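User: I'd like to learn how to read salt bridges and sheets in a model. Can you walk me through one?

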Amino acid sequence: MDPTTFVPGSWPAVHKFEALFPQSRPIHVDLGTGLGHFTADMADLHADTNWLAIEMDGPVTRRAVRRLDRVSTERIRVFCGDARSLFLEFIPPRSVEHIWINFPDPWPKDRHQERRHTHPWMLSLLISRLTDSGEIHLATDVP
């Protein structure tokens, strides 16, 4: 994995968010990037943005990094780990233009509701990280 694209889990503990990208551009977050298809396509379409792709699953993240390395190692960073802790401890308020959540795991059992990216607590956290003109985009097939 290209060390400039992949962000090791220990990196946020020692670095500031502002050091994540070499150039200052609007930042978009792909929350639950999966194999990286969406991030790759959007980064191709929007050359004026930086992308932070977040995925929890290690093997899936490795495949996403291989795909995203072919697009840009300067404008895309991939983080493997828990999005909640990343947003709480690393991403500062009012720093992200857009957050994309595409077909998140629905966690259908009531006891798992706090794991959902659409849980009110998580949505409040995400909203706090958006700039004044920022937006959250959600695509789902779950009622």
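Analyst: Sure. Let's begin with a term we'll need: a residue is called buried under 20% relative accessible area, exposed over 50%, and partly exposed in between. Keep in mind that this is a predicted model.

User: Okay, so is Arg84 buried, partly exposed or exposed?

Analyst: Arg84 has a relative accessible area of 30%, so it's partly exposed. Its salt-bridge partner is Asp82, with the closest N and O atoms 3.3 Å apart. Asp82 comes out at 25%, which makes it partly exposed too.

User: How many salt bridges does the structure hold?

Analyst: It holds 3. To call one, look for a side-chain nitrogen of Lys or Arg within 4 Å of a carboxyl oxygen of Asp or Glu. Arg25 and Glu74 make one of them, at 3.1 Å from N to O.

User: Where do Arg25 and Glu74 sit along the chain?

Analyst: They link distant parts, 49 residues apart. Arg25 is in the loop between α1 (11-14) and β2 (27-31), while Glu74 is in the loop between α3 (58-69) and β4 (76-80). On accessibility, Arg25 is buried at 18%, whereas Glu74 is partly exposed at 34%.

User: And which residue meets Asp132 in a salt bridge?

Analyst: That's Arg94, with an N to O distance of 2.5 Å. This pair also bridges distant parts of the chain: Asp132 lies in strand β6 (residues 130-139), Arg94 in the loop between α4 (83-89) and β5 (96-102), and 38 residues separate them. Asp132 is exposed at 70% relative accessibility, and Arg94 is exposed at 55%.

User: Now the sheet. What's the general idea?

Analyst: Strands of a sheet pair through backbone hydrogen bonds, either parallel or antiparallel. Here, 6 strands make an open sheet with parallel pairing, ordered β1-β4-β3-β2-β5-β6. The edges are β1 (6-7) and β6, each of which pairs on one side only.

User: How many bridges join β3 to β4?

Analyst: There are 5, and the two strands run parallel; β3 covers residues 50-55. For a spot to check in your viewer, find Leu52, which stands opposite Arg77 in β4.

User: Which strands does α3 touch?

Analyst: α3 packs on the sheet against β1, β3 and β4, and its direction makes about 170° with that of β4. Helix α5 (residues 120-128) packs on the sheet as well, touching β2, β5 and β6, with its direction at about 140° to that of β6.

How values were computed. Residues are numbered from 1 along each chain as its sequence is written. This is a predicted model: local features need pLDDT of at least 70, side-chain atom pairs count only at pLDDT 80 or more; totals for chains, interfaces and linings use all residues. Side-chain values use heavy atoms; hydrogens and water are left out. Helices (H or I, at least four residues) and strands (E, at least two) are DSSP runs, numbered from the N terminus. Buried means under 20% relative accessible area, exposed over 50%, partly exposed in between (1.4 Å probe, protein chains only). Two strands pair if DSSP finds at least two bridges between them. Contact means heavy atoms within 4.5 Å. Axes are lines fitted to C-alpha atoms, for helices over the stretch in contact, and angles run from 0 to 180 degrees between N-to-C directions.
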